[in-house]
Amino acid sequence: MKRIRFTDFSLLGTPPASYRKTHRFCSMTLAAQTPAAPQGPMLVAVSGAPAFQATLSMKRSVNAEAGLILYHTDTSYISAGCTDGALSLTTVIMGWKQEILLPIASAATELSWQLQRSEAGFTIALSTDGEPPMSVGTFTLPGSAKSVSFGCYGANHSQTEATVQITGFTYHHTP
């Protein structure tokens with residue numbers, strides 16, 4: 001299996017107001033009212049590995065939503081995002097949408113999303129501002145048996161510009 005590198009990530013969805021990507025860093029400026037994925041900007045890569053672990057480190061400005069997405073199509077995806085004082089979880093399976101907004105005691109701007117793929121499905125965890133990771137959940141996504149697109153997204157629900165930065169990425173196959 002091919003090892004995923006940061007250069008393998010591609011921008012999908014509506015382009016951000018400005019965008020800069022190098023081989024290890026990405027910055028997106030989001031216009032006011034930029035929607036969340038999949039309509040808003042997503043940076044995704046494809047993995048065909050049956051088991052892997054990935055970590056995406058991100059920074060977000062106040063008012064921005066920054067999150068992790070597992071993407072199959074616009075009608076089948078799972079996203080988990082962090083906003084000011086809330087964790088947003090969206091699952092869309094064959095067009096059926098479920099959204100959950102959970103209040104959290106943190107307005108963290110430094111995020112570390114962990115994704116683990118195994119036979120049981122996908123496990124997502126979040127670490128904020130250097131704290132120990134908290135489990136977001138374990139999920140299955142129809143259509144992802146052979147490969148999955150995964151990555152990050154940014155959204156802005158405010159009336160002013162906001163920024164999301166991807167500051168680090170690790171990926172490795174697991175047994």
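## Close-up views of an all-strand predicted model

**View 1. The bridge between L56 and W113 in a pair of antiparallel strands.** L56 has W113 as its bridge partner in β10, in what is a predicted model. The two strands concerned, β5 (residues 52-60) and β10 (residues 110-118), run antiparallel to each other and are joined over eight bridges. W113 also belongs to the largest nonpolar core, where it is one of the five residues that touch the most other members.

**View 2. The open sheet of seven strands that contains this pair.** Read across the sheet, the strands follow the order β2-β3-β14-β5-β10-β11-β12, with antiparallel pairing. The edges are taken by β2 (18-21) and β12 (134-139), and because each of them has a single partner strand, one side of each remains without a neighbour in the sheet. From one strand to the next, the twist averages 20 degrees.

**View 3. The largest nonpolar core and the surroundings of I166.** This core holds 40 residues, and those touching the most other members are L70, W113, F150, I166 and F169. The most is given by strand β14 (residues 162-173), which contributes five residues to the core. When residues up to four places away in sequence are not counted, I166 touches F6, R24, F25, C26, M28, L43, L56, S57, M58 and C152. Separate from this core there is a second one of eight residues, among them A37, Y77, V92 and Y153.

**View 4. The cis peptide bond before P38.** Between A37 and P38 the peptide bond is cis, and its omega is near 5 degrees. P38 sits in the loop that lies between β3 (26-30) and β4 (42-47), while A37 is included in the second nonpolar core.

**View 5. S127 and its contacts in strand β11.** S127 is part of strand β11, which spans residues 121-128. Its relative accessibility is 9%, and because the cut-off for a buried residue is under 20%, S127 counts as buried. From the side chain of S127, the backbone oxygen of E131 is reached at 2.3 Å. With its neighbours within four places in sequence left aside, S127 is in contact with E110, L111, S112, Q114, P132 and P133.

**View 6. Two loop residues with positive phi, M94 and D129.** M94, although not a glycine, has a positive phi of about 50 degrees, and its place is in the loop between β8 (86-93) and β9 (96-103). With a relative accessible area of 64%, M94 is exposed. D129, which is likewise a residue other than glycine, has a positive phi near 50 degrees and lies in the loop between β11 and β12. At a relative accessible area of 41%, D129 is partly exposed.

**View 7. The whole chain, for orientation among the close-ups.** The protein has 14 strands and zero helices. Its C-alpha atoms fill a box of roughly 45 × 35 × 35 Å along the principal axes, and the radius of gyration is 15 Å, which agrees with the value near 16 Å that a compact globule of 175 residues would have. Of the 175 residues, 48% are buried. Among contacts with a separation of 6 or more, 63% are accounted for by residues 24 or more positions apart.

Methods
Residues are numbered from 1 along each chain as its sequence is written. This is a predicted model: local features need pLDDT of at least 70, side-chain atom pairs count only at pLDDT 80 or more; totals for chains, interfaces and linings use all residues. Side-chain values use heavy atoms; hydrogens and water are left out. A nonpolar core is a set of buried Ala, Val, Leu, Ile, Met, Phe, Trp, Tyr and Cys residues joined through side-chain atoms within 4.5 Å. Buried means under 20% relative accessible area, exposed over 50%, partly exposed in between (1.4 Å probe, protein chains only). Helices (H or I, at least four residues) and strands (E, at least two) are DSSP runs, numbered from the N terminus. Contact means heavy atoms within 4.5 Å. A polar contact is a pair of N or O atoms within 3.5 Å; within protein, one must be able to donate a hydrogen and the other to accept it, and residues adjacent in sequence count only if both atoms are side-chain atoms. Two strands pair if DSSP finds at least two bridges between them. Axes are lines fitted to C-alpha atoms, for helices over the stretch in contact, and angles run from 0 to 180 degrees between N-to-C directions. The radius of gyration is taken over C-alpha atoms; the globule rule is 2.2 Å times the number of residues to the power 0.38.
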